Amino acid sequence: MTIVINKNIPLEERGHWGNPMSPVRKEMEEVITQLEIGDSFILPDQLVSYINGYHSAKANVRSAFKKHGMNCTSRNVGSGLVRVWRTH
């Protein structure tokens, strides 16, 4: 058996628990960094689908806020939609 050394291979960005971060999660984190206290957004269906097997969508969003030193609260607003507010 021969092991080949590869050079200049970019390291893939990782998400929670070492899983590759989804483009939807990256977009959500970009939005989070732009929020001011009191601002809110509706979670995209793609994000809720992406995390369905790992975590609840609300817990995943809270961890993303904490990662950026922020707090949030969320509410179910009907039709399966979740609204998230930045609180601190």
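This briefing describes the fold, the strand pairing and a few individual residues of one protein chain.

The model is a predicted one. Its secondary structure comes to three helices and three strands, and from the N terminus on these elements follow the order α-β-α-α-β-β. Of the 88 residues of the protein, 25% count as buried. Among contacts between residues at least 6 apart in sequence, 47% join residues at least 24 apart.

**Strand pairing**

- Strand β2, which spans residues 72–78, runs antiparallel to β3 and is joined to β3 by six bridges; within this pairing T73 stands opposite W85 of β3, and the bridge partner of C72 in β3 is R86.
- The two strands β2 and β3 form a hairpin that leaves two residues between them, and S79, which is in the turn, has a positive phi of about 55°.
- Strand β3 also pairs with β1, again in the antiparallel sense, over three bridges, and here I42 stands opposite R83 of β3.
- The side chains alternate along β3, with V82, V84 and R86 pointing to one face and buried, whereas L81, R83 and W85 point to the other face and are not buried.

**Two buried residues of the neighbouring strands**

- F41 is found in strand β1, residues 40–42, and is buried with a relative accessible area of 12%.
- Leaving aside neighbours within four places in sequence, F41 is in contact with M28, V31, L35, F65, V82, R83 and V84; the C-alpha atoms of F41 and M28 are 9.7 Å apart in space, while the two residues are 13 apart in sequence.
- S74 has its place in strand β2 and is likewise buried, with a relative accessible area of 13%.
- Beyond neighbours within four places in sequence, the contacts of S74 are with K58, V82, R83, V84 and W85.

**R86, a buried charge without a salt bridge**

- What is the nearest side chain of opposite charge to the buried R86, and how far away is that side chain? The nearest such side chain is D39, at 7.1 Å, and R86 has no salt bridge; the distance cut-off for a salt bridge is 4 Å, so the separation of 7.1 Å falls outside that limit.
- A polar atom of the R86 side chain does, however, lie 2.6 Å from the backbone oxygen of L35.
- R86 belongs to strand β3, residues 81–86, and, with neighbours within four places in sequence left aside, is in contact with L35, E36, I37, G38, D39, F65, M70, N71 and C72.

**The salt bridge between two helices**

- Side chains of opposite charge can pair when their charged atoms come close, and the structure holds one salt bridge.
- This salt bridge is formed by the side chains of K67 and E29, with an N to O distance of 3.0 Å; because K67 lies in helix α3 (residues 57–67) and E29 in helix α1 (residues 23–34), the pair ties together parts that are 38 residues apart in sequence.
- The two partners differ in accessibility, in that K67 is exposed with a relative accessible area of 51%, whereas E29 is buried with a relative accessible area of 7%.

**The buried side of helix α3**

- Which residues of α3 are buried? They are A57, N60, V61, A64 and F65, and because these residues cover an arc of only 140° around the axis, they are on the same side of α3.
- An α-helix has 3.6 residues a turn, so residues three or four places apart point the same way.
- One of these buried residues, F65, appears among the contacts of F41 and also among those of R86.

**Positive phi values**

- Most residues other than glycine have a negative phi.
- N8 has a positive phi of about 60° although this residue is not a glycine; N8 has its place in the segment before α1 and counts as exposed, at 79% relative accessibility.
- G69, just after α3, takes a positive phi of about 70°.

Notes
Residues are numbered from 1 along each chain as its sequence is written. This is a predicted model: local features need pLDDT of at least 70, side-chain atom pairs count only at pLDDT 80 or more; totals for chains, interfaces and linings use all residues. Side-chain values use heavy atoms; hydrogens and water are left out. Helices (H or I, at least four residues) and strands (E, at least two) are DSSP runs, numbered from the N terminus. Buried means under 20% relative accessible area, exposed over 50%, partly exposed in between (1.4 Å probe, protein chains only). Lys and Arg count as positive and Asp and Glu as negative; His and the chain ends are not counted. A polar contact is a pair of N or O atoms within 3.5 Å; within protein, one must be able to donate a hydrogen and the other to accept it, and residues adjacent in sequence count only if both atoms are side-chain atoms. Contact means heavy atoms within 4.5 Å. The arc is that of the directions from the helix axis to the C-beta atoms. Two strands pair if DSSP finds at least two bridges between them.
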